[in-house]
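Trainee: Please pick one part of this model and look at it closely with me. Then show me how it fits with the rest.

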Amino acid sequence: MERFVCIHGHFYQPPRENAWLEQVEIQDSAYPYHDWNERIDAECYRPNAEARILDIEGYITRIVNNYASISFDVGPTLLSWMERSAPRTYQAILAADGESRERFSGHGSAIAQPYNHMIMPLATRRDKSTQVRWGIADFRRRFNREPEGMWLPETAVDIDTLEVLAEHGLKFTILAPRQAARTRGAGSTFWTDATGEKVDPTTAYMQELPSGRSIVIFFYNGPIARAVAFERLLENGETFARRLVDGFSDARRRPQLVNVAVDGETFGHHHRFGEMALAYALHYIQQNDLARVTNYGEYLEKHPPVEEVQLLERSSWSCPHGVERWRSDCGCDTGQNPDWSQAWRAPLRESLDWLRDTVAPSFEERAGLLVNEPWLARDEYINVIFDRSPESLATFIARQARRELNADERVTLLKLMELQRHAMLMYTSCGWFFDEVSRIETVQVMQYAGRVVQLARELFGSDIEPRFLESLGQAVSNLAEHGTGRRIYERFVQPAMADLTTVAAHFAVSSLFEDYGKEAEVFCYNVAVEDLRRRQKGRARLAVGKIALRSTITAESGSFAFGALYFGEHTVNAGVASFQDDDAYGHAAADLTERFEAADFAGIIRSLDRSFGTSAYSLKSLFRDEQRRTMGHILEGTLADIEKVFRQLYEHHYPPMRFLTEMGNPLPKPFKDAAEFIINTDLRRVLTAREPNLARVEALVSSAATWGAELDTEGHGHLLRLLIGRMMESFASNPDEGEALARLTAAVAMSQRLSLPIDLGEVQYLYYRLIPTSREEHRARAQAGDASAAAWLTAFDALGDRLRVRTG
């Protein structure tokens, strides 16, 4: 009988963008990366596009794009981030779907996903429909085809959700085996109990729906999926392959599909080098003709379902209690804090439900004055999210508006649509998944809720925040310092809220330290600098200016005048006001400049209050990334003073301390602290230099070992990986450059001698791509008697040996 294998990866990260800035801000917990998206891309998403297959001696023989051989879905909000911030990974994923269509009888391996990972059985019918429509539209835009299937977030399902999928033309979805209630064969009137994972996952099933429609259900193999995710099956690719093949049975006299579905992050992020185990397992199965690797679309075409299933309503793959993990203290948690309570989940969901239901009637009424069908307009708004150009907005308005809209009405319409976008984003499932209400995932959904509150205030003139906060106060944190959801919201969400004035304040303060030019982009705002006067005396600085701001999201605009004074250290005072007239601004600018020249700082403060009001802004007014950069600039002098003291201590006492270590005596703690600071500082400096001194890197690492100094191994390993990556990219762009090849080989050799954690997968990939091109060209020239080509070939193959890449 025919045997088929299909592995599905559900690739997803919650949207992490600041609700007001539309960009991901720095997340310190992701160090040494900027944020978790960037880290997981480096550990999982990109490696799966460049997965290495090794021979028995541990040498790379092939590098493959895993996405082309598996079934996969990628969250639309994650793909949006990739498109901007990880274009190489993004393009590899799109290319893989095209390659899979050639491989799997015209069926692409990518399937769709609801827009922002909302738990569908807990959503309103209206939200379900928009989530599916947005997910399909996003898929269509990226993959240039219609999706055949759709992954449901957490595989959470109910019949109503399946009705929405079928209504929108989707053919199948994938569920956990415990979500089946009963099955029966074609033409049979007798149902067989399938609860407790008794369903046979090696075939497809048809779920008939009340509307008369139907949808195909694939159930993945639960035991194998659990072994992949939690039982270290990915430690060996051949073992993984054999476990998959063990899922077949000679007792079944029909075609069999062994399929597993896991979080895509399992392959590389949760399990290091998991992408290599996946690549090897698929290679091993195909090389040994153990089964045909397929995807769901191809299998469904070849073997339509002959059995029927009925599902357990409101069930999921990650909560044995149904969907309670996203609305109650059901007992599901990460297992890391067994004494903690998740009773906060219910009041959090109740708070958001109240907020959604409170703003919906006002949205419908206000939007109904501007568009023909408010909820249809929301469905179509996804096209504006894709493309916020004036032309795209004009097309949207032309299709939806009751009449021609003036500029203010267009702003109102966009704000109404954004209110609804954030009212869905606030239901992203990760907000409830983990153990604690103060985690970044839950704060993120509160941010989206905060944006809804702010927009409701601006649009409808009613302040619903006090009632919302009262409800959040019922969500009790497990950490005493956070108290309740209300305090978390007040501490982390309210300070993040932005409007045109706060963006102007950010610009005012940052203009003390940055030169923006005549036009600038500050996150999702365009800035036109109409006037900017900057002065500096010693460490003190003054900036006075006039700017025009425009939101690229809502088209809201305004003109502002500002003044900002930096005294030195961390002291900044700034004032911002809506621009009134040129005379008032001119007088204020002249007065501030004159007082600065006279070093009348107290007078400047008084003048700022007179000209721009008493709302004072400071370094705290900067958004997080700019705040971090600015503080780094401000602290340069302070850190230089600290470094000078530590360096004097380290260098002056080096000889006796060396003698102490040679005698086997422990170092005094002050000297060890000084050594640690200086060595780590120097390493960062060398690894980020334009022309790095590789011998110096080795010497510093050796010194750290001598003194027993603790290195920032993760941070330095990251910098070294980036350094060698840049060297490889430079060489790949001009592979005839012999000196670049020699420097690269020396750097790789050095990295292998150090104790720093570094994976040269990206370097190996770029090297591998040169084998059929540059290496083949030089090999042919060498065979023709070209001595320089022969020398290049020897050096290139030596680098390959260092990188453990077969060049034959």
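Mentor: Start with what covers helix α19. The cover over its buried residues includes the strands β14 (519-522), β15 (525-537), β16 (540-551), β17 (557-568) and β18 (571-578). Helix α22 (624-634) is part of that cover too. This is a predicted model, so keep that in mind throughout.

Now look at the helix under that cover. Helix α19 runs over residues 500-510, and 9 of its 11 residues are buried. Go along it. L500 is buried. So are V503, A504, A505 and H506. F507, A508, V509 and S510 complete the buried set. Buried here means a relative accessible area under 20%. That is why α19 is described as mostly covered.

Step back to the whole chain. The protein chain holds 30 helices and 18 strands. Of its 808 residues, 56% are buried. Is the overall size what you would expect of a compact globule, or not what you would expect? A compact globule of 808 residues would have a radius of gyration near 28 Å. The chain has 30 Å, so the two agree. Along its principal axes, the C-alpha trace spans about 95 × 80 × 60 Å. Contacts reach far along the sequence as well. Take those between residues at least 6 apart: 69% of them join residues at least 24 apart.

Next, the gaps inside. There are 3 cavities of 30 Å³ or more. The largest has a volume of about 120 Å³. It is lined by 17 residues, and R451, Y525, S551, T554 and E556 are the closest to its centre. Two of these names lead back to the cover of α19. Y525 falls within the range of β15, and S551 within that of β16. Which helix gives the most to this lining? It is α16, with 3 residues. Helices α14 (407-425) and α16 (440-460) each supply at least two. By type, the lining has 7 nonpolar, 4 polar and 6 charged residues.

The second largest cavity holds about 70 Å³ of space. It has 13 lining residues, and the closest to its centre are V74, L79, I111, F139 and F143. The strands β4 (71-74) and β5 (110-111) each give at least two residues to this lining. So do the helices α2 and α4 (125-143). Helix α4 gives the most, with 4 residues. The lining divides into 9 nonpolar, 2 polar and 2 charged residues.

Helix α2 takes us on to charged pairs. Side chains of opposite charge can pair when their charged atoms come close. The count here comes to 72 salt bridges. One of them joins E17 and R84, at 2.9 Å from N to O. This pair links distant parts of the chain, 67 residues apart. E17 sits in the loop between β1 (3-11) and α1 (36-49), while R84 is in helix α2 (residues 76-85). Are the two partners buried or partly exposed? E17 is buried, because its relative accessible area is 10%. R84 counts as partly exposed, at 46%.

A second pair spans a long stretch of sequence. R806 forms a salt bridge with D55, and their closest N and O atoms are 2.7 Å apart. The partners lie 751 residues apart. R806 is in the segment after α30 (787-803), and D55 is in the loop between β2 (51-54) and β3 (60-64). R806 is partly exposed at 31% relative accessible area. D55 is partly exposed at 23%.

Now a pair within one helix. E99 and R103 meet in a salt bridge of 2.7 Å, N to O. Both belong to helix α3 (residues 87-103). They are 4 residues apart, so about one helical turn separates them. An α-helix has 3.6 residues a turn, so residues three or four places apart point the same way. E99 is partly exposed at 35% relative accessibility. R103 is partly exposed too, with 34%. Elsewhere, salt bridges that share partners form one network of D41, R46, E50, R88, R721 and E762.

Finish where we began. Find α19 again, and trace its 9 buried residues. Then pick out the strands and the helix α22 that help to cover them.

How values were computed. Residues are numbered from 1 along each chain as its sequence is written. Side-chain values use heavy atoms; hydrogens and water are left out. A salt bridge is a side-chain nitrogen of Lys or Arg within 4 Å of a carboxyl oxygen of Asp or Glu. Buried means under 20% relative accessible area, exposed over 50%, partly exposed in between (1.4 Å probe, protein chains only). On a 1 Å grid over the protein atoms alone, a cavity is a set of points where a 1.4 Å probe fits but cannot get out, and a pocket is an open set with protein on both sides within 12 Å along at least five of seven lines; lining residues have an atom within 4 Å of a point. Grid points are joined across faces, edges and corners, and a volume is the space filled by probe spheres set on the points. Ala, Val, Leu, Ile, Met, Phe, Trp, Tyr, Cys and Pro count as nonpolar, Asp, Glu, Lys and Arg as charged, and the others, Gly among them, as polar. The radius of gyration is taken over C-alpha atoms; the globule rule is 2.2 Å times the number of residues to the power 0.38. Contact means heavy atoms within 4.5 Å.
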